[in-house]
Every structure is written in structure tokens, then in C-alpha cells.
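Biologist: I'd like to learn how to read salt bridges in a model. Can you walk me through it?

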Amino acid sequence: MASPGVEVELLVKGRSDLGEVAPEIKASERQTAVALADLEWREMEGDDCEFHYGDGTNEAQDSDFPTVERSRLQEMLSLLGLETCQAQKLSLQDSQQISSDSMKNWAPQGPKDLPWSFLRKLQALNAEARNTTMVLDMPPDTMPAEKESQMEEEIIYWDTADDLSADIYSFSEPPSPDSPVNPLDLLCALLLSSDSFLQQEIVLKMSLCQFALPLILPDVENHYHTFLLWALRGIVRTWWSQPPRGVGSFREDSMVLSHVPAFAFVRMEVSSNSKSQLLNAVLSPGHWQPDCFWHRDLNLGANTREIADGLVEISWFLPSGREDWDIFPEPTAFLNLRGDIGSHWLQFKLLTEISSAVFILTDNISKKEYKLLYSMKGSATKYYFILSPYRGKRNANLRFLNKLIPVLKMDHSHVLVKVSSTDSASFVRRVRTIVAHVARSPCRRMSVEDMAHAARRLGLKVDEDCEECQKAKDRMERITRKVRDLDAYRRDELRLQGDSCRKAVQVEKELCQGQWAGDPPEKHRAELRHRLLELRTQQHGHDPAWGVQEFIAGISSPSLGEKLYFLRWMEWGLARAAQPQPRQPSDTILTLRPKHCGTPDLSELLWPEPLGVEHFLREMGQFYEAESCLVEAGSLPAGQRRFAHFPGLALELLLKGLPLELIDGSTLSTPLRWVTGLLKELHVRLERRSRLVVLSVLGMPGTGKSTLLNTMFGLRFATGRSCGPRGAFMQLVTVAESFSQDLGCDHILVIDSGGLIGGALSTAGERFELEASLAALIMGLSNVTVVSLAETKDIPPAILHAFLKLEKMGHMPSYQFVYQNLHDVSDPGPKPRDRRQLLDQTSDVSRAAAQMEKQGEHIRALADPAFCDPEKQHIWYIPGLWHGVPPMAPVSSGYSEAIFELKRCLLENIRNGLSNQNKSIQQLIELVRRL
């Protein structure tokens, strides 16, 4: 027998005495060859094979192995308390519900707490969401000595590297309430128990946390594995795009539609090297190493996987434009198959068809593995082996490896040897070099959509292929196919949002101002009312355009699932149908003010609004407004109303998690009749559970308002200065019935001010007055107001003016100042004394606003302790969102922790009655009319 050194030398030199290999199989016969190879593999069970190989479809017909696994899935679901969620899946609303646990930063006490702990932490973008450590409620000294010894032996001394049968998890002891749960098992169980929309939310939050995402979800009971195309559909990322010639720029796109090279990492039988650790090292820029892929050295990472084998994960490297951080010059996908390729042959076959290259980690190549890989002959994919030749069957490794080299069209640079003495950093650099070389050369580039097509051909289930989803997609495509020019589409299809709408808003504004200023001459009032009736009659003379009718039909579907699918498809389809062009330079977008631009035209947006679902709902609102105005004037009998059901349709969407517009972003006005109709419908739907607390967030665009609310409550407010709508939007958060009595309300109505407050610094002019009145409206409706600031000097005077106006009216909400550090991720934030200085800086501005109101020293500054006491946590510092350089940076733990503490404080104030008395919906309706 040759020494190890000689064997490595032989491996490098490529000596082989194994004779000729079988004739090459034509590419057109590859699919038949794969099927024949699989049949041949099954016939080998009578030989020295220790494992059973085969694709998922055929495995389901086996009468021995699957029956054990079938009960194992049920045992895991029962252990986690999810067995009842198979018939009635968990929904997004279930995960958003506020309970007493929402105010606690607690560790799970038992397995049934793990799913909810995961969802709460993931909602808060907590990097520890995947940690399944439990604090068992059984004291250690009461545990039987025998059981304690058994647990210690299982946890401390079990080693996958030494256990050649580590893949046959179904023969291990069934999970018990005191046994740790592998985080990947928890993820798979939760995804199998969630509906499509909660799955999508889980994957989106995981993406923000830079966790590897599930691409193929195994179902060990039915062996009907699912390709998660729909779950990944909502992931949109931004990265630096550098063309070969020309100037680079940031590009934003859906990761499902982006064509990128993909590299798969798989294990064949046993490997001493960890795929997941290697992948994390490859993705790490060197300054820090994120745990994107969960691995054996992490907490409970080495625990037995009960149901997660066969899971395929995906992650992307995205360049930032910084040479010291960018490992690869273009977006690159990395795929990771959990478990042995022989046991999950179907997944492996897919990976070979969608990847630019496949890295196979193994210690041993025997006759079984040779025949498995021989069936891949003719594959266009490049194959690389990562071996540990000092372990296992060394001679067999060399013999079969040399035989495979011509079959897989490899050369000896495709064989990497990593042993305990190998320098890890240099080995990672070598893997990166290979990846970069393959990506630069002509290679396969596929989108996730393309991968889904390949999955269908192999017989995998694709989650988007359900009838409801496809019908909704077809309707969306019929609508968006007509969207070519945004301005033309708005003019032709959204007719009621044109000049007649703006003129009607202006007339109503004059009527309202006349009422506040005192009674104007009756003749002038009558003229305004007549003019308004003419404009509304003109609007009512139109019928909804074809696109609007199709939209209404989509949200009127009797199938709730189809309705929700349609809304998501519309969001994505409209976002891609036509991109708005900026109408002015970016450096003036947030500083538009009267003294620079003259008298502003309020119909012009500070930045062009992309076409969205809100525009179709806005059109419905205008039809409802016009019809209601005619009914009020007696010009239209109530029995002839055609659009009275519109508020009910829109409210159904609000109850299912869609933000609804409270203030029209195009006219910067409140459609009073439409909002009143929505609130009345809400009162009917909520019935006895109609006690509301209203929480609003105010601030300039780009200060992290929407991200704060989404992180705090798991909501779906639009984020991003360039893509977010300008109106104020509301969403409803349900309080669990078991907690509503304690909290003092049944629901929390959350209002995001969007881009309404532009930050006009001049305290004169129409722009400032408008911003101040809108801020007063939102704050006047609220029990709690959070003011989000990027810099203390950026406190918009309009917000301070609104505070002073509301105090004069005797309505002052409880409020919190939130200072968000959007740049420096290392600053720990101000101490209490510094917090006082932050508020002191607002005094001069608030006094100036008071002088403008001619209230002088009778109005207190916001820094007055009667308003805001830093010791009572009225002012908060939120650390930077990212830990590192985006787009590869995860959310910082400091951001997540600070948001949780703010949420806990807000809920505590609501429970203790410090946020004013809760409101009934009727009171809200009256407030809308008054303000």
C-alpha cells in the first residue's frame, strides 16, 4: 500500500490503470441515461450498498423506509405544536397578532414555544431567530440521573464525522419534549405549516437577516418536494452593477428574475469538511464572517436532522461597488443541499441542471458513488471534488476518481484536497478563484424562474402552480400588458385622478377654510357648492376604465386566496411594467421649498410616483366620492348607487394586511367620504372588538419610518425613497383576545406618514401650511405619535407647528422622539444627558413656530419636561440598520434590540393608559371630519 504522500502525488499526476470508460452519451439522450442510471442504482441493493438511493417520486412507492419517515414528520409537528396547522395553515395575521408575549424578551420554555419565538424574532430582524435553545421549565436537579446522563452523552459525544450512518436519521430515537430541535427542522416544519403568504414573509425577513433561504422544501412524509418560487418572489435587492465598458451604477431587481451563475455545494456520503462552513467563508469578505448557512459548529447545529434532509438552500453574493468588500464582480448564487446526494438524488439531479458548477465534498468514492456520478455523463455542468484523502478508503478514492475524470470532463485542477493541516484561508481563496474563473467564462446563467422550469421537468412541485395563483397571475398580466407609458395610462385608465379631481379638492379646501374662518357670504358658499357638484357630476359621468374593472373583478373574487395572490401579483407586475423617470435632480428631491422654487404646484410630486395598487384603489375612492356627493346633494337617488360596495371591498384588503391610503398622495388631501366609508365598514366588520388605539409615525422621507414600523409589527409599508408612494397609509394590527382586556384595546391602527412631510424649512407659504395641516390631522387621530428623525436639525417645523396647534385645541397625543443613525453603525448612541441636549436643540425651532402662531411664551417648547422627559424614555436612539456594508450586511443586533425596547415601551404605555384613552371608530370618524 502506498503512503498517503504517494497517494496524493498519484492523485495530482492523474495516473490511472482502470482502462477505458463507457462510450460518451449524447446530450439528447441524457434524460434517458439518468433514468437508466437510477434503475441500475436500485438494482445494486443486493450488493455491498449501505444506503438506498433514488428520486423522490419512486421513494414514495417504497414500502419500508418512507413509513418510518412518515411518522417522524408527524412526531416533529406534534412536538412543535403544529399538528393542527396542516388542515388550517398559519397565516400572516397569526404571526402579527399582539399578545402578552409581544412585550417579553423571553427564551422558549419548551418545543411548542419554538415556532412562535422564531416568528417573533424574525419579525424583529433578530440575528438569533434560528437559535432553538430552550430553557426547560423542569429544574435540572429534578431530572432523573439516568436521563441526564443519556442527554449528556447524546449532546457532547455525538460526532457526525465519525458516524458513517449519520444520514439514516429515521433510525434514531424519536424526538422528545426535552430533546433539542435542529434549527433546520424548525424551519421546515414551520414552512410546511404556513400558508403561501406567511411563507413569503418568512423568506423575506430571512433575506434581510442574510440567512440562507429555502429553495426546495422537502416533505419526508409524502416525498413530494416543493420548489419555493412563490416564497422567493418578493425578494428585491440592490447591488452595484459594473458593465465591461462604461460607468457603474446601483441596480435594483427581483432576485427571482435575475440571471446569475449558480454554484452548488453537495455532500456525497461522508465528508470531514463542512459545506456550510466553507460556503460562509467563501461569502465572507474577510472583515467578518456571517453565519449565512447554519452549520455544525453553531448552537445545536450538530443535532440530528429529523425532517430537514433534502432541503436545498440558496444565497446570493451581491457586489457593493467597494473593491475591499467585493469578492466577486457580479451577483452570484450559491446552493447548498442538506444531506447525502444518494439519499436525495432528485434534488441532486436538479442542481446539476441549474448550476454552472457543482462542488462535491466527500471522503470516499466507492462503486456506488461511481455509478451515481457516471449517470451524469454528458452534463454541461462543471464538477469539482473536495476530498479528504487521509480518511476512508484511500485506494478506492483514487481508483474511482481517476475513472470519473474523463466521464465528467474534468482535469486534475478540478480536484481539491483539504486535510487538517491545510491552511483554511488559502483554501477558501482557491475556491473563490475557481468560482470567479467559471463565472467569467461562458457558463450557464439562470434565474430562479428558470430553475423552477427545470424543477417541473424533473417532477418537483412548484408552489406557484396552484390554480388560484395562476388565475391571479393571468388577470394581472392582462392589466399590466396595457401599461407602456405611465402618464398615458394614468390619463386614459385612471381618469378620475386628473384635473377634475384636483379642482374638486381645491373647492372642498376653500369650503373647509371658510368654515374655520367664520361664515362667508352665503352666495360665495353656494357658488362653491355648485362648482363642487358640477365637478363631481362630471366625474360620475365616467364609467370605470377596462383596467379598473379588471382590478375590481380581481379583488371581488369569492376565493380569498385568489384575491390575495392577485394583489401580490399586481404589486410586482406594476413595479416592472413601467419605471417612472425623475423629473428633477436627486439633490433637490427632499429640499423643494417655496423660497427656491416660487409658489409650488401641489399637483406635482416631489419625485414621480410609480404606478401601484394604491392608484387603482384611489380611483375606486374617487368614484365613491363623486357618487356620495351627488347622493348628499339629492341629485342621485340612494337606490341608484353603483359603487356603495367599494369601501367593503377595500376594507377586506386592509383586514388581510394591505396598507390602505388615508391621505391621497397625489393631491395631498383626505378623501373624506371615502375614508368615512372605510371606517364605517370597519366598525361593522369588527363588531364587538372595535376599541382602537391609533399609533402614527411622522418624519421626513428617508428617516426609516416605514422600516421601523415593519420591524416592530411585521407590517408591509412600502420602503425606499425612490419607490414608496407619497400618501399616508394605515394598517390594522390585531390584539389577541386573551390580551385585549389587559392592553385596553382590541386593535392598533398604525399610520405611516410616508412622504407627506417634505421638510420645508420656510415657515411661510402654501407648502408649509399644507404640511402642518396634514401633520396635525395624523397626530390628531393618534393616541401615540412617534417622530422619526435622521438628524435633530431635520425636525420639520411643520411637525412642531402641529404639536402647538393640537395643544391649543386640547388634544395632545403621547409621543416619542426616535433618532435613527442612518450612517454610523458603531456609534452606541447618546447617554441620558446627551438625550437632553438633543431635545434642547428643538427649543429654538419650537419657539419660532410658536411666534408664527402668535402664541409666544405661552406655548412650551417640546424640550419642556412636561412634554418630554428623557428619563422616562420619551426620546430614543436607534443604532444603524446594517452591520457592515450593504447589500451583504445583515441587520445589526443593536437595531433589532432597540426596536424591541421601543415596542415594549409603547405597549406598556398603552396598557398603563399613558397614551390617552382608546378610541371608538365613531370617534375616529368625527375626528377625521373635524381635523
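Modeller: Sure, vocabulary first: helices (H or I, at least four residues) and strands (E, at least two) are DSSP runs, numbered from the N terminus. This is a predicted model, so local features need pLDDT of at least 70, side-chain atom pairs count only at pLDDT 80 or more, and totals for chains, interfaces and linings use all residues. Residues are numbered from 1 along each chain as its sequence is written, and side-chain values use heavy atoms, with hydrogens and water left out.

Biologist: So what's a salt bridge, and how many salt bridges does a search of the whole structure find?

Modeller: Side chains of opposite charge can pair when their charged atoms come close. The cut-off here is a side-chain nitrogen of Lys or Arg within 4 Å of a carboxyl oxygen of Asp or Glu. The search turns up 38. Take Lys205 and Glu201, whose closest N and O atoms are 4.0 Å apart. They both sit in helix α9 (residues 196-208), 4 residues apart, about one turn of the helix.

Biologist: Are Lys205 and Glu201 buried or exposed?

Modeller: Both are buried, meaning under 20% relative accessible area; exposed is over 50%, partly exposed in between (1.4 Å probe, protein chains only).

Biologist: What does the salt bridge between Glu508 and Arg673 tie together?

Modeller: Their side chains meet at 2.9 Å, N to O. Glu508 is in helix α19 (residues 499-517) and Arg673 in helix α26 (residues 672-686), so the pair links parts 165 residues apart in sequence. Glu508 counts as partly exposed because its relative accessibility is 22%, while Arg673, at 18%, counts as buried.
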